[in-house]
Amino acid sequence: MTGFDEEENQLISRVAWLYFHEELTQGEIGERLGLTRLKVNRLLQAGREAGLIRVVINTAFRDCVALEGELAREFGLTRAIVVPTPERGGQHFYETIGRPAGEYASQQLKDGQRLGVGWGHTMRAAINGLVIRSLRGISVTSLYGGVPRSPVNPFDSTAMFARKLQAEVCNHLPAPMFVSTPEVRETIAAQPFFRTFYKEALDVDMILTAVGDMTAQATNIALGAITTEQRRDLARAGAVGEFFGRFLDADGNVLDHEVNRCSMSPDFAGLCKVPHNILVSGGMAKTPILQAVLRRGYVHVFVTDAATARSLLNP
């Protein structure tokens with residue numbers, strides 16, 4: 001027993017890896033991880049005293065730290081966060097990758113900033129990782145419309161993010177995720193409320209979101225955002241998954257498909273220009289869409305599990 005919880009073990013592992021393996025200074029490590037130089041020094045000392053740091057980094061997270069560096073270099077990320085792949089799937093998997101994503105996002109937020117959020121099981125788990133801080137002037141904005149049936153509806157998730165962060169403003173997108181025709185989308189988007197909403201959505205300072213795969217079990221498909229026939233047609237057209245409410249091909253391009261023209265999410269190119277985009281997703285089914293998104297440089301920070309990281313690095 002080391003006396004440290006899992007979160008502390010991860011942090012000590014990252015600090016030790018960067019210091020001893022990548023040979024960064026304590027100041028450089030502090031800048032990368034958002035810590036003071038004194039905190040870095042104390043973590044190194046604590047790791048030595050507990051026996052976590054010897055000639056090798058003796059923790060379960062040492063491989064994860066190495067994968068973080070490889071992902072960052074391979075995809076040009078500002079930062080990658082990798083956690084061990086849990087033996088159990090389902091909700092346990094969502095919690096394993098979602099919590100550190102929520103923790104990271106909440107620790108990066110500053111007074112007066114605006115957070116855009118996605119939805120789904122992983123995003124709901126991210127709420128549980130949010131760190132409660134005394135921030136002022138925070139706003140939370142949903143980047144997705146609603147779905148017909150869901151235990152993880154975007155409306156609920158956005159409200160939960162706002163409450164946990166004690167946000168002063170919570171902005172919902174009061175429309176379906178996808179409407180019936182492009183003409184309906186244009187009519188709704190032309191209304192003054194929606195014009196204002198879309199403009200403000202593109203002005204967020206940070207986005208925390210996930211991707212959707214093309215399997216029948218994908219959240220947006222299983223919960224009725226699109227039909228089974230639409231999924232099949234998108235797959236035939238070359239879609240590898242969904243990101244920011246649009247279905248992309250293997251090169252990360254938005255497919256020229258009617259479903260994409262029916263999406264009520266804000267402008268795709270505008271969302272990709274937000275200065276701090278955080279993506280949290282994992283699982284073998286999501287590898288194709290993750291490859292597409294990461295290769296195109298749409299995100300700055302990526303949170304995932306070790307097995308997914310290895311599959312992305314060794315396709």
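In which strand does Ala80 lie? Ala80 belongs to strand β1 of this structure, which is a predicted model. With a relative accessibility of 4%, Ala80 counts as buried, because the limit for a buried residue is under 20% relative accessible area. Setting aside neighbours within four places in sequence, Ala80 is in contact with Glu68, Leu71, Ala72 and Phe302. Ala80 and Val169 stand 89 residues apart in sequence, and their C-alpha atoms are 29 Å apart in space.

Leu71, one of the contacts of Ala80, leads to the interior of the model. The largest nonpolar core comprises 59 residues, and those with the most contacts inside it are Leu71, Leu77, Phe243, Phe244 and Val293. At least two residues of this core come from each of α4 (62-75), β1 (79-83), α9 (192-201), β7 (246-248), α13 (268-272), α14 (287-295) and α15 (306-313). There is also a second, separate core of 27 residues, which includes Ala101, Tyr104, Ile127 and Val303.

Phe244 deserves separate attention. Phe244 is located in the loop between β6 (241-243) and β7, and it is buried, with a relative accessible area of 1%. Apart from neighbours within four places in sequence, the contacts of Phe244 are Leu143, Tyr144, Ile207, Thr209, Ser265, Phe268, Leu271, Cys272 and Asn277. The backbone should be considered as well. Most residues other than glycine have a negative phi. Phe244, although not a glycine, has a positive phi of about 55°. Gln166 is likewise not a glycine and has a positive phi of about 55°; Gln166 lies in the loop between α7 and β4 (169-171).

Ile127, named above as part of the second core, is also found among the buried residues of helix α6 (residues 121-129). The buried residues of this helix are Thr122, Met123, Ala125, Ala126, Ile127 and Gly129. Their cover includes α5 (91-108), β2 (114-117), α7 (154-164), β5 (206-209) and β8 (277-280).

The text now turns to the packing of helices. Two packed helices are described by the angle between their axes and the distance between the axes. For helix α1 (residues 6-21) and α4, the axes come within 9 Å and cross at roughly 60°. The two helices are therefore oblique to each other, and their crossing is right-handed. On the side of α1 the contact is made by Ser13, Arg14 and Trp17, and on the side of α4 by Arg62, Val65, Ala66 and Glu68. By character, the residues of this contact divide into three nonpolar, one polar and three charged.

A further pair is formed by α14 and α15, which pack at an angle of about 65° with their axes 10 Å apart. The crossing of α14 with α15 is right-handed. Here Thr287, Leu290, Gln291 and Leu294 of α14 meet Thr308, Ser311 and Leu312 of α15. The residues of this contact comprise three nonpolar, four polar and no charged.

Within this pair, Gln291 may be followed individually. Gln291 is placed in helix α14 and is buried, with a relative accessible area of 13%. Not counting residues up to four places away in sequence, Gln291 touches Phe75, Ser311, Leu312 and Pro315. Ser311 and Leu312 are among the residues of α15 that meet α14.

Methods
Residues are numbered from 1 along each chain as its sequence is written. This is a predicted model: local features need pLDDT of at least 70, side-chain atom pairs count only at pLDDT 80 or more; totals for chains, interfaces and linings use all residues. Side-chain values use heavy atoms; hydrogens and water are left out. A nonpolar core is a set of buried Ala, Val, Leu, Ile, Met, Phe, Trp, Tyr and Cys residues joined through side-chain atoms within 4.5 Å. Buried means under 20% relative accessible area, exposed over 50%, partly exposed in between (1.4 Å probe, protein chains only). Helices (H or I, at least four residues) and strands (E, at least two) are DSSP runs, numbered from the N terminus. Contact means heavy atoms within 4.5 Å. Axes are lines fitted to C-alpha atoms, for helices over the stretch in contact, and angles run from 0 to 180 degrees between N-to-C directions. Angles under 35 degrees count as roughly parallel, over 145 as roughly antiparallel, 65 to 115 as roughly perpendicular and the rest as oblique. A crossing is left-handed if the near helix is turned anticlockwise from the far one by less than a right angle, and right-handed if clockwise. Ala, Val, Leu, Ile, Met, Phe, Trp, Tyr, Cys and Pro count as nonpolar, Asp, Glu, Lys and Arg as charged, and the others, Gly among them, as polar.
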